[in-house]
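Trainee: I keep meeting words like "buried" and "contact" and I never know what earns them. Could we go through a model together and check each word against its cut-off?

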Amino acid sequence: MSLPLRPFRQVNVFSALPTGGNPVAVVHGAEGLTDEQLAAFARWTNLSETTFLLDPTEAGRDAGADYRVRIWTPGGELPFAGHPTLGTAHAWLEAGGRPRGQDVVQECGVGLVRVRVQVPRGDAGSGQRLAFAGPPLTRSGAVDDADLARIARSLRLDVSDVVRSAWVDNGPGWVAVQLRDADVVLGLEPDLVAMGDLKLGVVGEYAPGTGPAGSTGTGTGIGTDRPAVEVRAFVPSIGVGEDPVTGSLNAGLGEWLAGDVLPSSYVASQGTALGRAGRVHVEKRPDGEVWVGGDTVTTIVGEVAL
């Protein structure tokens with residue numbers, strides 16, 4: 001039995017270099033697929049996320065949605081994730097999608113998410129920098145002593161090594177800790193078994209001007225922007241030990257730290273430990289809204305039998 005062919009793109013996010021950031025697989029026209037098919041395909045791609053583009057629901061369309069997306073990891077479905085949001089918006093625009101308003105409006109498990117083109121890159125098919133408005137936190141505030149002890153144990157650290165901690169969950173379940181500096185973050189060799197079901201973000205600051213140069217999308221793919229922080233994301237419970245570059249986590253970190261511990265606008269480096277050199281542009285605006293941006297570029301275009 002032959003299966004329908006559906007348009008397919010693989011989009012690299014948070015780097016202008018095709019192999020620099022975090023790839024997401026995007027299946028267009030996913031109507032009619034069952035949850036079992038979506039889950040099986042996400043396991044098969046073996047990427048941190050695979051997305052499936054659908055028409056908006058009636059309620060979503062009435063609220064302004066341009067499309068609906070379902071976001072799957074190898075371990076299950078997420079209500080929201082950042083790099084899949086940017087990669088899916090890129091794929092939708094590249095395939096001829098035209099937003100009804102100023103922003104692209106995505107419908108997903110947490111509701112509506114706005115996506116904006118920050119830096120166009122020439123004609124359709126080339127890269128562009130997109131940014132999404134971070135959804136509200138569903139859980140914030142202090143981390144209790146038991147969870148903090150578990151976090152420290154899973155990072156092979158003492159609790160005293162944690163500078164500060166907070167829940168920064170905007171859908172996926174993030175809890176975050178700040179460590180002394182970026183070097184400590186890069187040197188982590190975590191115990192993923194001890195981490196269990198935690199979705200753990202770790203951040204450490206670079207001394208001003210000392211962060212690594214990397215892919216910032218300045219035309220050549222190598223820019224001079226120096227990151228303010230190094231970020232790592234550990235998510236063993238969804239079938240991915242370490243996520244290369246993570247938009248939702250960086251949105252949560254921006255809610256927590258931007259305009260206070262960190263500047264209101266900064267660049268985060270993530271993926272260094274995995275050889276990815278991702279760059280995430282975070283801005284907390286005066287009204288408190290956090291925008292998370294990154295370069296996006298298509299690496300694979302074709303069809304998939306599904």
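Mentor: Sure, here is a short round of questions and answers on this chain, and keep in mind that the model is predicted.

Trainee: Let's start with the whole chain. What makes its radius of gyration agree with that of a compact globule?

Mentor: Set the two values side by side. For 306 residues a compact globule would come out near 19 Å, and the chain has 18 Å, so the two agree. Its C-alpha trace spans about 55 × 40 × 35 Å along the principal axes, and 56% of the 306 residues count as buried. As for what it is built from, there are seven helices and 17 strands.

Trainee: Now a single residue. Why is S48 called buried?

Mentor: The cut-off for buried is under 20% relative accessible area. S48 has 7%, so it counts as buried. You'll find S48 in the loop between α1 (35-45) and β3 (50-54). Leaving aside residues up to four places away in sequence, S48 touches N22, W72, T73, P74, H83, V240 and D243.

Trainee: How do you know that the side chains of S48 and D243 make a polar contact?

Mentor: A polar contact needs a pair of N or O atoms within 3.5 Å, one able to donate a hydrogen and the other to accept it. The side chains of S48 and D243 make one at 3.0 Å. There's also a polar contact of 3.2 Å between the side chains of S48 and E49. Those two are neighbours, and residues adjacent in sequence count only if both atoms are side-chain atoms.

Trainee: On to the helices. What makes you say that α7 is largely enclosed?

Mentor: Count its residues: α7 runs over residues 247-257, and 10 of the 11 are buried, so the rest of the structure largely encloses this helix. Among the buried ones are G247, N250, W256 and L257. Just after α7 comes G259, with a positive phi of about 80°.

Trainee: And α4? Which of its residues are buried?

Mentor: In α4, residues 145-154, they are D147, L148, I151, A152 and S154. Looking down the axis of α4, these buried residues fall within an arc of 165°, so they line one face of the helix. The face turned away from them carries D145, A146 and R153, which are exposed; that word takes over 50% relative accessible area.

Trainee: What covers the buried residues of α4?

Mentor: The cover includes β10 (162-169), β11 (174-179), α6 (192-195) and β12 (199-205). At the start of α4, a side-chain oxygen of D144 reaches to within 3.2 Å of the backbone nitrogen of A146. After the helix comes R156, whose phi is positive, near 60°.

Trainee: Last one, the strands. How do you know that β16 pairs with β15 and with β17?

Mentor: Two strands pair if there are at least two bridges between them. β15 (residues 265-270) and β16 have six, in the antiparallel sense, and one of the pairs is S269 with R279 of β16. β16 and β17 (residues 290-305) have four, again antiparallel, including K284 with V290 of β17. So both pairings pass the cut-off of at least two bridges.

Trainee: And what makes β16 "mostly covered"?

Mentor: Five of its seven residues, in 278-284, are buried. In the hairpin of β16 and β17, five residues sit between the strands, and G288 takes a positive phi near 90°.

How values were computed: Residues are numbered from 1 along each chain as its sequence is written. This is a predicted model: local features need pLDDT of at least 70, side-chain atom pairs count only at pLDDT 80 or more; totals for chains, interfaces and linings use all residues. Side-chain values use heavy atoms; hydrogens and water are left out. Buried means under 20% relative accessible area, exposed over 50%, partly exposed in between (1.4 Å probe, protein chains only). Helices (H or I, at least four residues) and strands (E, at least two) are DSSP runs, numbered from the N terminus. The arc is that of the directions from the helix axis to the C-beta atoms. Contact means heavy atoms within 4.5 Å. The radius of gyration is taken over C-alpha atoms; the globule rule is 2.2 Å times the number of residues to the power 0.38.
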